[in-house]
Amino acid sequence: MIKAILIFNNHGKPRLSKFYQPYSEDTQQQIIRETFHLVSKRDENVCNFLEGGLLIGGSDNKLIYRHYATLYFVFCVDSSESELGILDLIQVFVETLDKCFENVCELDLIFHVDKVHNILAEMVMGGMVLETNMNEIVTQIDAQNKLEKSEQITYTGLFCIGQDFSRAGLAGAPARAVSAVKNMNLPEIPRNINIGDISIKVPNLPSFK
Amino acid sequence: MALRMVKGSIDRMFDKNLQDLVRGIRNHKEDEAKYISQCIDEIKQELKQDSIAVKANAVCKLTYLQMLGYDISWAAFNIIEVMSASKFTFKRIGYLAASQCFHEGTDVIMLTTNQIRKDLSSPSQHDTGVALTGLSCFVTPDLARDLANDIMTLMSHTKPYIRKKAVLIMYKVFLKHPESLRPAFPRLKEKLEDPDPGVQSAAVNVICELARRNPKNYLSLAPLFFKLMTSSTNNWVLIKIIKLFGALTPLEPRLGKKLIEPLTNLIHSTSAMSLLYECVNTVIAVLISLSSGMPNHSASIQLCVQKLRILIEDSDQNLKYLGLLAMSKILKTHPKSVQSHKDLILQCLDDKDESIRLRALDLLYGMVSKKSLMEIVKKLMAHVDKAEGTTYRDELLTKIIDICSQSNYQHITNFEWYISILVELTRLEGTRHGHLIAAQMLDVAIRVKAIRKFAVAQMSVLLDSAPLVASSTQRNGICEVLYAAAWICGEFSEHLQEPQRTLEAMLRPKVTTLPGHIQAVYVQNVLKLYASILQQEEQAGQPEAAQQATQLLLERLPQFVQSADLEVQERASCILQLVKHVQKLQAKAVPVAEELSALFAGELNPVAPKAQKKVPVPEGLDLDAWINEPPSDSDSEDERPKAMFHEEEQRHAKPRQAEVDEEELARRREARRQEQASNPFYIKSSPSPHKRYQDAPGVEHIPVVQIDLSVPLKVPGLPLSEQYVKLEEERRHRQKLEKDKRKKRKKEKRGRRRHGSLPTESDEDIAPAQQVDIVTEEMPENALPSDEDDKDPNDPYRALDIDLDKPLADSEKLPVLKHRNAQAPKPPEKEDVPVVEKKSKKPKKKEKTHKERSRKREEGRKGDDLDFWLSTTPPPAAAPSPAAATVRVQLGVSAVTAPKDDSEVTRREQVADEDDEALEPKVRRKSTQKKKKHKKEKEERGKDKKSKKRRPEREEATEPVQNGAPQEEPLPPMSSYCPLAENAYVKMTYDVQGSLQEDSQVTVSVILENHSRSLLKNMELSVLDSLNTKMARPEGSSVHDGVPVPFQLPPGVSNEAQFVFSVQSIVMAQKLKGTLSFIAKDEDGATQEKLDFKLHFSCSSYLLTTPCCSDAFAKLLESGDLSVSSIKVDGISMSFQNLLARICFHHHFSVVERVDSCASMYSRSIQGHHVCLLVKKGESSVSVDGKCSDATMLGNLLEEVKGTLAQC
């Protein structure tokens, strides 16, 4: 079981939090802080597993994380999950984001957290892995977007929700921020779980602020 | 309407959307909180508007704020509104918000039930999908109960997208509503073979998650998983299955044997590291579960270790970490194989990654030997010095102690070295583990007699530097060591070099800054020390020195008397008074040392920590009851120093008031008792009060070790453990030489006490420097060998520990909403034949596919026979093993009671199956398809069919559902329902089932069948309670009230009602008289009717079918506290396997093992009686030997079994 999925940036600001066990808002923030504290002080070239996030249930649990440019993707899982499998799942998740947002960057996650949630929902459901095939996930997301668009057209032409509007929103973001984004390149990796044979090189980007 | 719509849109235009909100927050870095509260106000306004679009936008923003830590539960109702929007866009927003903030405590959640049900059955797969996703996050027990059936229907949805979501969510449903597991399980199992890989993967996922918590219930699925493992190419699925096997193998070693080969193949062939790693892990689990009976298992171990070494040597830190993790599992059973990689692991200790260092530390635990211990610990000590960060250092500390103390200090050859290591560890600042070090010191000092002198010397040094220890660490952790130091110095004070100096150290004013419990130990041991000083000085004839000590005590003790800690205060004032006495006596030159030291005489024995808990409570003893009237203080005679002390007081304390003495005494006694209670080493009931330590037996045996070392004992805190390493080497060398010499001269030299005479330098040969008289911890006689106290009773997964092979009872069906029931199939008898024919084209096709499926399933079922599958030599086809038979029966029944409102397809199949004509050709076709199959089978099925007809009253026969699975049942179907009573209106049949949860409850399920033309209503069941058996009635009703039956019966309809009875004693069968009263209403009017009946609670009905492995069974039989009885029945013609199946079914037994015509069976009563049967079949007779924890119960049970057998 996956107990929680957290995304935060290099400064510990939450970009997405999904808890598969109920916690109060305060506890959630505490968990995010604690996890950030644990993860952020680790070097780049150490292993991606961490034992003992004290807040999310006992010794059975592990934190499995990956660090991409300005973002940390952290999965808190128990012993029924394969460590390497989850690492791969994170990779699939990020690649899917990359595909859906076309060169994903932190700003996409900041402004479209709802979309990120929707994508995640097609991968992990209630703490269990639902789909690991990226194409399958993207197909579903596309179909949903299409449905959403068709609903907008029938509703009103006056305004729109979703992609178009949000892109306009992005245009309004500070120019220097825009220049810093859009370069979170992800390497293509083979689909099957094959982690051990791959070394993922993430370019070290200037941290976004 | 249109106007409003436009207005809404215009409003909407000026609203902030999520992006505006995010941007706003980013632009208000300084006053973020204020800005957000403004936004929340706006959101509240938006939520008040009619437009659903505005609301959805508001909810979307709220979801973002929730992530930032704002409580949005106040908007729960609005979220539900948005969830119920008809547009997918909004619905999704609503469900997302709900999944983020709803939980079991959300009160409006019950309002969602119907909305979710609607969405689940929506024609749009996206609506359904979004509802399932949302529900998976906030499902509550109520939702789970109400929606279980809808979700189960979705498991057979045409779209794989929905199927896989429905399958996954079932796990959450099971967790919240465990009762739904059994009815849903057959379908879940079916999904393991779904054509869509995603659905398959989801099913594997769910079953793995279930099996992880309660593996034994899923053992029967092993063959199916095995098949999946060898056929699947999806690595995710493979990993899950392999992990599952890892959990199953400990329960069934034969499974392990079967697994080794395919797993080894996978290890060799796969390129995916994750899969390789999980395979290795499972192979390890298999090897652990197998005893050494495997011929080539060293090869497997070697393979694993070798692969793991590759992982550890990899530059990828992740693989390194996992390699070490898996290695530690091998270590537990095969330490030797791991030890050869010591170099690698020691290397990992230097890794920069803390996770890896910690893993390597874990491994070290098992790698030490007598030879390598010192070296390894030395290395660890170096790490302790280097380590920054207290967590890692603390971890190191605990590991050092673990490593050294493991299995009774097995690897320590030199305890002086160990003590100095411990003393060195006390120099760690800010550690949390002071108490651990203290415990070790105490343990070693008490259990290794030879080391006491050295330990005392070291401890006195520690005490001397006490201010240093205490002040430098600000009272945290490490000062616990002083607790041990003080106690050791006091208890073994005769070994002290300079007792006066130590006494002074213990009485320093700084001591009062220590925590209370340590001060208390100080005070107590000051007295011990004082007693021993007096003894020495008196023997030496130096009364002045003794008086000096007295003086010191009288000066310093008052500081403890003023202590805020009660314990310290009490002990100090006791001791102060005592010392004052002694002073008076000393003034009169009366020798007091002897009497004073008698206070502390007695040998100490270490007692196991669990010893007290393990003492069995004798039968009939109520520990809470008063044996006599509550005793007054003065009666207690259990204090051993009392007599001595009392006399002394009597003699010398004349001026005092007697009452004061009593009080004082009681107080001292109490203090002493407290001391003893808090001191685990002080339990000894019959000491010889005059014995002193010096002349304790065993002391002579202590070898006089010539410690020819120059350890600077008096330099505070400077015992050098490293010196011991050198010394030890020298010693070993010398020892070796000596041995060689001895060997040459063949002469015994007894310079040192050593054993062992083999000249090789093997590990076991290194004789310890001290004769280590490691006293094993005492345990009470007949201690209970239970380890059950480690189980957590609050485990939420316990509720899911459900036997899935048991037939599904009627009561277990998922609740179905009434209005949906209208769609449910009509009883087959009434189904129009033309309907079948009309659709005959289509169904036929389906029938075919169905048949193919059923054939497949049949093969699967063959595999279900776990024993069959596991056994290497297949049993003769004519006589499948009894376990197989029972599994089949059970399967049959559970298939029969599949849920009613199934999809259209299944229903049609069922109709077809039920229909005789449709069935007949099928049989033929099947037999042509499989010519090799025995014709007998068909005949049997025919018979089966006939028997079904003959007994139409059977419960199963009235069930409209039959899906083909049980068609080839070789056994006649059985029903546990027996007739209860019958009259012109109604027929009652009933069944009694023990309750899994309650140990004194049984549930009686009564099926009421109306075979009159009247409507039966106001039915009420009243039963005359007996002393032993009582009916559970609604609160507030009296014993004579009946319990209403919660339904009415229209003509021709039957329904089931359940009643709970509480039973006290279950060793005897019970009979209860009762009456069913009801009103029968037809056109002519209504009449009040009654029907009397007798409920028979047989002993068998108190039994629960409990699987039992043969090992546990054998152990149970060996334990010998079961009573024995046996019966014999003649004239039995039925086949043995049918016979067994009958016993299993009617008496709730399970077959443990079967050999030829002899089988052992097991069951357990609701109150935990074990019942074991050995059934043997002779020519035409059957003998049953029984063993049971209760003789009466056994007798009654056997009578019942006899009754069953007599019908055979």
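Two strands count as paired here if DSSP finds at least two bridges between them. With that in hand, start in chain B. Strand β2, residues 986-994, and strand β3, residues 1001-1010, pair in the antiparallel sense over 9 bridges. One pair to look at is B:Asp991, whose bridge partner in β3(B) is B:Ser1005. Keep in mind throughout that this is a predicted model.

Now the sheet around that pair. Five strands of chain B form an open sheet, and the order is β1-β2-β3-β7-β5. The pairing is antiparallel. Which strands stand at the edges? They are β1, 978-982, and β5, 1029-1031. Each has a single partner strand, so one side of each is left without a neighbour in the sheet. The twist averages 30° from one strand to the next.

One residue of strand β4 in chain B deserves a stop. The strand covers residues 1015-1023, and B:Asn1018 is in it. Phi of B:Asn1018 is positive, near 45°, and the residue is not a glycine.

Over to chain A, and a second open sheet. Here 5 strands run in the order β2-β1-β5-β4-β3, with antiparallel pairing. The edges are β2, 14-19, and β3, 49-51, and each pairs on one side only. Neighbouring strands are turned by 20° against each other on average, direction ignored. A helix from the other chain packs on this sheet: α18 of chain B, residues 317-333. Helix α18 touches β3 and β4 of chain A. The direction of the helix makes about 45° with that of β3(A).

Let's walk through the pairs. Strand β4(A), residues 62-68, is joined to β5(A), residues 71-77, by 7 bridges. Those two run antiparallel. A:Lys62 stands opposite A:Val77 in β5(A).

Next, β1(A), residues 2-9. How many of the 8 residues of this strand are buried? The count is 8 of the 8, so the strand is largely enclosed by the rest of the structure. Strand β1(A) is joined to β5(A) by 7 bridges, again antiparallel. There, A:Ile5 stands opposite A:Phe75. With β2(A), β1(A) pairs antiparallel over 5 bridges. In that pairing A:Leu6 stands opposite A:Ser17. These two strands make a hairpin with 4 residues between them. In this hairpin A:Gly12 takes a positive phi, near 85°.

A general reminder while we are on strands. In a regular strand the side chains alternate between the two faces of the sheet.

Chain A has another positive phi, at a residue other than glycine. A:Asn103 has phi near 60°. A:Asn103 lies in the loop between α2, 83-101, and α3, 106-111. With a relative accessible area of 34%, A:Asn103 is partly exposed.

Back to chain B, for a helix. Helix α9 covers residues 141-154, which is 14 residues. At 1.5 Å a residue, the helix should span 20 Å. The end C-alpha atoms are 19 Å apart, which agrees. Where is the kink in α9(B) centred? On B:Leu147, and the kink is about 55°. B:Leu147 is also one of the buried residues of the helix. Others among them are B:Leu143, B:Ala144, B:Ala148, B:Ile151 and B:Leu154. Recall the helix geometry: with 3.6 residues a turn, residues three or four places apart point the same way.

In the same chain, look at B:Ser124. This serine is in the loop between α7, 112-120, and α8, 125-138. B:Ser124 counts as partly exposed, at 23% relative accessibility. B:Ser124 and B:Phe88 are 36 residues apart in sequence. In space they are 9.2 Å apart, C-alpha to C-alpha.

Last topic: cysteines. A disulfide needs two cysteine sulfur atoms within 2.5 Å. By that rule the count is 0 over all chains. Why is B:Cys1099 without a bond to B:Cys1188? The sulfur of B:Cys1188 is the closest cysteine sulfur to that of B:Cys1099, yet at 9.0 Å the two are too far apart for a bond. For B:Cys1188, the closest cysteine sulfur is in B:Cys1172. That distance is 8.1 Å, also too far for a bond. B:Cys1099 is buried, with a relative accessible area of 0%. B:Cys1188 is buried too, at 0%.

That's the tour. Questions, please.

How values were computed: Residues numbered from 1 in each chain as written. Chains lettered and ligands numbered in written order. Predicted model: local features only at pLDDT ≥ 70, side-chain atom pairs only at ≥ 80, totals over all residues. Heavy atoms only, no water. Expected span 1.5 Å × (residues − 1). Bend = angle between axes of the 7 residues up to and from the residue. Buried < 20%, exposed > 50% of the residue type's maximum accessible area, 1.4 Å probe, protein only. Axes fitted to C-alpha atoms, helices over the stretch in contact; angles between N-to-C directions. Contact = heavy atoms within 4.5 Å.
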